[in-house]
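Here's a quick tour of the fold, one helix and the nonpolar cores. Have the structure open while you read.

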Amino acid sequence: MEAKRWSSFILLVLAVLGIWGVNRADAALSAAQCKVERRVGLNACKPVIYGKNPSPACCERVRVSHIECVCPDVTPKLAALIDLNRAIRLIEGCGRRVPRHYKCGSITTP
């Protein structure tokens, strides 16, 4: 159960970190491609759950991830696991700006 909670936490961090990087011109990904993309992102950003800043590999992963693969999995229960303000600071640490009032799953940025 604890492992599922942590992977959910990382998924939400990826969602919040990746909300600016959507390239709408890309063709839609299949469910299998989205699953692989989430797994790779979770692995790259795992240290974030231990309070570390995102690594260059994590920031890169966030920049290339497709938000349509992540946002559908952001439930209210999942959103309750993290501090949105901290996640926004992490995004800014990757050199990106977070759009105001962006809705991803069940969360909306301030």
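## Overall layout

This is a predicted model, and the secondary structure of its chain adds up to six helices and two strands. Reading from the N terminus, the order is α-α-α-α-α-α-β-β, so to speak in shorthand.

The chain has 110 residues, and 40% of them count as buried. Its accessible surface is about 6,300 Å², with 56% of that belonging to carbon and sulfur atoms. If you look at contacts with a separation of 6 or more, 81% of them come from residues 24 or more positions apart.

## A closer look at α2

Helix α2 covers residues 31–45, which is 15 residues. From first C-alpha to last, α2 reaches 21 Å, close to the 21 Å expected at 1.5 Å a residue.

Which residues of α2 are buried? They are C34, E37, G41, L42 and C45. Looking down the axis of α2, these buried residues fall within an arc of 135 degrees, so they line one face of the helix. The general reason is that an α-helix has 3.6 residues a turn, so residues three or four places apart point the same way. A32 and K35, on the other side of α2, are exposed.

## Nonpolar cores

The largest nonpolar core is made of eight residues: I67, V70, C71, V74, A79, Y102, C104 and I107. There's also a second, separate core of five residues, including C45, V48, C58 and L90. C45 is a name you've met already: it is one of the buried residues of α2.

How values were computed:
Residues numbered from 1 in each chain as written. Predicted model: local features only at pLDDT ≥ 70, side-chain atom pairs only at ≥ 80, totals over all residues. Heavy atoms only, no water. Core = buried A, V, L, I, M, F, W, Y, C linked by side-chain atoms within 4.5 Å. Buried < 20%, exposed > 50% of the residue type's maximum accessible area, 1.4 Å probe, protein only. Helix = DSSP H or I, 4+ residues; strand = E, 2+ residues; numbered from the N terminus. Contact = heavy atoms within 4.5 Å. Areas by Shrake-Rupley, 256 points an atom, 1.4 Å probe, with all protein chains shown as cover. Expected span 1.5 Å × (residues − 1). Arc of directions from axis to C-beta.
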